[in-house]
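Reader: I have a new structure on my screen and would like to talk through its sheets, helices and pockets. Could you walk me through it?

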Amino acid sequence: MKSILEIKDLKKVYDGGFEALKGVTLSIEEGEIIALLGPNGAGKTTLISTVCGITTSSSGKIYVGGHCVDEDYRAARSLIGLVPQEINLEPFETVWNTVRFTRGLFGKKRDDAYLEKILRQLSLWDKKDNRIMTLSGGMKRRVLIAKALSHEPRVLFLDEPTAGVDVALRKDMWDTVDELKRDGVTIILTTHYIEEAEAIADRIGVINKGELLLIEEKAALMKRFGQKQMKVLLQDSLPSVPEGLKEYDLSLTDDGATLVYSYDTKAERTGITKLLSDLAGAGLVLKDLQTEQSSLEDIFVGLVEEGQP
């Protein structure tokens with residue numbers, strides 16, 4: 001599939017020598033949903049700002065739809081929609097005029113039907129004649145999203161779009177994302193809500209201290225780093241792990257009623273069969289077995305702590 005966004009060895013060094021981006025290279029295909037995860041100060045917003053031309057790179061190249069951001073900024077930027085973290089809107093303007101004006105800034109012909117569709121998707125249609133200053137914080141964020149979509153971009157950046165907003169907006173937001181994906185729009189989002197990335201992203205990127213630690217398909221990432229735990233619920237509580245089971249990676253819950261066995265899903269053998277046999281040999285009576293797969297959050301925390309894939 002054709003790449004819509006190409007980032008090649010992108011670096012950003014601020015006065016004083018701070019490296020915000022350290023040679024980021026990334027290729028994103030049309031219609032993908034990419035989730036960028038990283039702690040505060042990891043470089044997520046700097047990366048988005050540089051792609052959008054808000055921040056100037058120190059070196060490297062960025063191509064949007066084949067247009068170089070440095071050499072053909074207007075053409076590249078016309079393909080991008082941006083929903084920033086900060087809410088910065090003209091307080092005395094109406095919702096309708098705000099969105100229509102933004103579409104005009106990108107040289108798009110008037111299309112009231114398209115703008116109405118966006119406002120209805122985001123539950124803003126009944127607020128179209130309201131001044132921005134009268135809206136709640138959540139509604140203002142909806143207006144930011146509508147502005148970003150007003151000129152029909154092919155690449156949409158969502159920088160922490162649902163931070164601090166209500167559940168209803170999140171649902172509207174992800175419904176809109178699903179529809180945009182069906183239309184072939186490429187979406188790159190940063191989020192602290194890891195469960196959202198796990199639910200909607202095609203690929204996951206982890207960035208920390210200006211370095212892209214990895215970019216990988218969600219399913220493959222979960223499989224590659226996936227750890228499982230098997231919980232063995234016992235009929236009778238134990239004071240400690242029996243000596244004959246010390247060879248296994250076992251831990252005992254505080255109440256002594258459950259043994260927890262961690263194993264690698266990538267391993268050729270998990271050791272579960274032998275463990276169950278040895279549990280019976282130790283005279284332990286099992287009440288139940290439960291298994292749990294490690295979450296994306298577990299994987300993310302591990303990568304950031306290690307600093308490498």
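Author: Happy to! One definition helps before we start: two strands pair if DSSP finds at least two bridges between them. Please keep in mind that this is a predicted model.

Reader: Thanks! How many bridges pair β1 and β4?

Author: β1 covers residues 3-13 and β4 covers residues 59-64. One bridge to look for joins E6 to its partner Y63 in β4. The two strands run in the antiparallel sense, and the number of bridges over which they pair is five.

Reader: Which strands stand at the edges of the sheet of four strands?

Author: That open sheet has the order β2-β1-β4-β5, with antiparallel pairing. The strands at its edges each have a single partner strand, so one side of each is left without a neighbour in the sheet. Those edge strands are β2 (19-29) and β5 (67-68).

Reader: And which strands stand at the edges of the sheet of six strands?

Author: Here the pairing is mixed, and the open sheet has the order β6-β7-β8-β3-β9-β10. Each edge strand has a single partner strand, so one of its sides has no neighbour in the sheet. The edge strands are β6 (80-83) and β10 (211-217).

Reader: What is the bridge partner of V83 in β7?

Author: β6 and β7 (residues 155-159) run parallel and are joined by four bridges. Within β7, the bridge partner of V83 is L158.

Reader: At about what angle does α1 run to β1?

Author: Helix α1 (residues 44-51) lies across β3, β6, β7, β8 and β9, where it runs at about 150 degrees to β7. α1 also lies across β1, β2 and β4. Its angle to β1 is about 115 degrees.

Reader: Which helix gives the most to the lining of the largest pocket?

Author: About 310 Å³ of space lies in this pocket. Its lining includes R77, L82, F106, L144, K147 and H151. α3 (95-105) and α5 each supply at least two lining residues. The helix that gives the most, with three residues, is α5.

Reader: Where does that helix lie, and at about what angle does α5 run to β6?

Author: α5 takes in residues 137-149 and lies across β6 and β7. Its angle to β6 is about 170 degrees.

Reader: Last one: how many residues of each class line the largest pocket?

Author: Among the lining residues you will find P84, N88, T102, L105 and A148. Sorted by class, the lining has six nonpolar, three polar and two charged residues.

Note on methods:
Residues are numbered from 1 along each chain as its sequence is written. This is a predicted model: local features need pLDDT of at least 70, side-chain atom pairs count only at pLDDT 80 or more; totals for chains, interfaces and linings use all residues. Side-chain values use heavy atoms; hydrogens and water are left out. Contact means heavy atoms within 4.5 Å. Axes are lines fitted to C-alpha atoms, for helices over the stretch in contact, and angles run from 0 to 180 degrees between N-to-C directions. On a 1 Å grid over the protein atoms alone, a cavity is a set of points where a 1.4 Å probe fits but cannot get out, and a pocket is an open set with protein on both sides within 12 Å along at least five of seven lines; lining residues have an atom within 4 Å of a point. Grid points are joined across faces, edges and corners, and a volume is the space filled by probe spheres set on the points. Ala, Val, Leu, Ile, Met, Phe, Trp, Tyr, Cys and Pro count as nonpolar, Asp, Glu, Lys and Arg as charged, and the others, Gly among them, as polar.
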